[in-house]
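Good morning, colleagues. I should like to take you through the interface between two chains; please look at the sequence and the structure first.

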Number of protein chains: 2
Amino acid sequence: MDFGIIGAGSLGLLYSFYLSKDYSLTLYTNRKQQADLINKRGLSYFKDDTYTTAMIQATSDRNYKEDFLIVTVKQYDIEAIIDVLKELSPRTILFLQNGMGHLPYLSVLSKHQILLGISEHGAIRLNDHSVKHTGIGVTKISHYNQDKPQHSIFSQLLAEQHSLFGIELKDDWHNMLTEKLIVNATINPLTAILKVKNGELIKNNDFKQILYELFKEVVLILDVQNEVKLWEHVQTICKKTEKNESSMYKDIQDGRQTEIDSILGYLIQCARKNQIMIPTITFLYHAIKGIEACRTN
Amino acid sequence: MDFGIIGAGSLGLLYSFYLSKDYSLTLYTNRKQQADLINKRGLSYFKDDTYTTAMIQATSDRNYKEDFLIVTVKQYDIEAIIDVLKELSPRTILFLQNGMGHLPYLSVLSKHQILLGISEHGAIRLNDHSVKHTGIGVTKISHYNQDKPQHSIFSQLLAEQHSLFGIELKDDWHNMLTEKLIVNATINPLTAILKVKNGELIKNNDFKQILYELFKEVVLILDVQNEVKLWEHVQTICKKTEKNESSMYKDIQDGRQTEIDSILGYLIQCARKNQIMIPTITFLYHAIKGIEACRTN
């Protein structure tokens, strides 16, 4: 039983490295050049001051032949992949995206067993064939369509936990994604605009005040029940990852496209439907979009 | 008839240089070291690729003996100066501050002829005795207490206009300061947070959208009549100064205290009195205050 990992960014490389310890897998890259490099040099994994290289198979073909696929591409690249996935015979597909903007695409994949996951790992892609593991997290996974039988390899994954690569099964995919979306919608854009590490958002009283204003707009849109607990959760994540730069802050620093559309863009769409005023979210959305446009001009 | 110029930042140095061409003057510095340096080396004025040095008299004493004083200090330093000014015999005092936060202090100076001015010059203090004139503007001046007789030197100033240092007399100090406050409250904090030059705020569609949201909150607080004309004015200033970095952006870059309290802080106080919701202003105020706090920690 093999894994197919689609997307060779930081998460794709990290998951390929860990799964290649126990399973055979194919890493699907976007560019042939990257696949060739990985096939030739292997995949290098850096943690602290040491590194290991694993030989794995990579390809830029899109045949996705394995019957357990893990989709790690950013949400803005997902549409093209869905078109291929919907033509495949039934299999298990785990989606590891931020936000909820990918959910509407899943309706055309109902023949597959769909799993939704969120990754709490910190990882930086150092180059096309190297990844640095900067923060140990778990992968939370939940069934999206409960009627489909659970893939045997999934039970095996849950049973054979790796200390640096834990997997948690969650009951409610909606709660799981909502919690992650709240964290991403608050910490990511604020750290990207203010150019600070995650911990500053709660250490600095002025920043904490705007973090809370932003949080209130986000939970208003998502209509959550447990607001107090979720505000505690956001602060806990800031504290746990205090020395980290958020992925959006890093994207802005490196002049890359951010995930702002799948995070705040998605929330703005929801707010429009329900006519909710969200001035802070709107401000941050346009600030990040504007900075992206400056970089590409 | 002599001038006393209080404050030796960029504007104090610039005004000292120009006025020293035709008048004798004393420049009042905060630090003795700076006064000593200016007395020894003169005041150097840079424009484009040339520079000139003028010998002027500077002191860190606070006797303010001249009967035409120009106060150029930032608003956050004005309180200490007011205490000295109110003890002086009647004279003419021109205040050149941003915002309107200095107005409440003026009630104790009613024996003096008070002029309010706004400077449209661009200037950078290169060091304690050098200033660079980066943008030619005019100084707009208006009478604050109309009942006082106009100082003879003021008529002379208006008559002897210098091409690089024009002076305009305005009828209505309130309109004049309001217009300047709107410009400062919109362009300054946005450029400081987004880290862009003034022109980007109208070239970039996302930035222009948040500039307009911010503008709408500012004019709501100030209860202006001519909103359409003022929005044109803000855009014209962005265009005219498109290659400039705003003073607040420069303050943030250089780790200095900004004028956020006298600009957005003042507006927040006004909004509170009238219970006006101003989420964008509140966001920007705390973002700038938080960045200031990060720098000083």
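**The contact between chain B and chain A**

Six residue pairs are in polar contact between chain B and chain A, both residues at pLDDT 80 or more; a polar contact is a pair of N or O atoms within 3.5 Å, where within protein one must be able to donate a hydrogen and the other to accept it, and residues adjacent in sequence count only if both atoms are side-chain atoms. This is a predicted model, in which local features need pLDDT of at least 70 and side-chain atom pairs count only at pLDDT 80 or more, while totals for chains, interfaces and linings use all residues. Residues are numbered from 1 along each chain as its sequence is written, chains are lettered from A and ligands numbered from 1 in the order in which they are written, and side-chain values use heavy atoms, with hydrogens and water left out.

How many salt bridges are there between chain B and chain A? The count is zero, a salt bridge being a side-chain nitrogen of Lys or Arg within 4 Å of a carboxyl oxygen of Asp or Glu.

On the side of chain B that touches chain A, the elements giving two or more residues are helix 5 (173-194), helix 7 (205-222) and helix 11 (279-296) of chain B. Helices here are DSSP runs of H or I, at least four residues long, numbered from the N terminus. Helix 11 of chain B gives the most to that side, with twelve residues.

Chain B and chain A each bring 23 residues to the contact, meaning heavy atoms within 4.5 Å.
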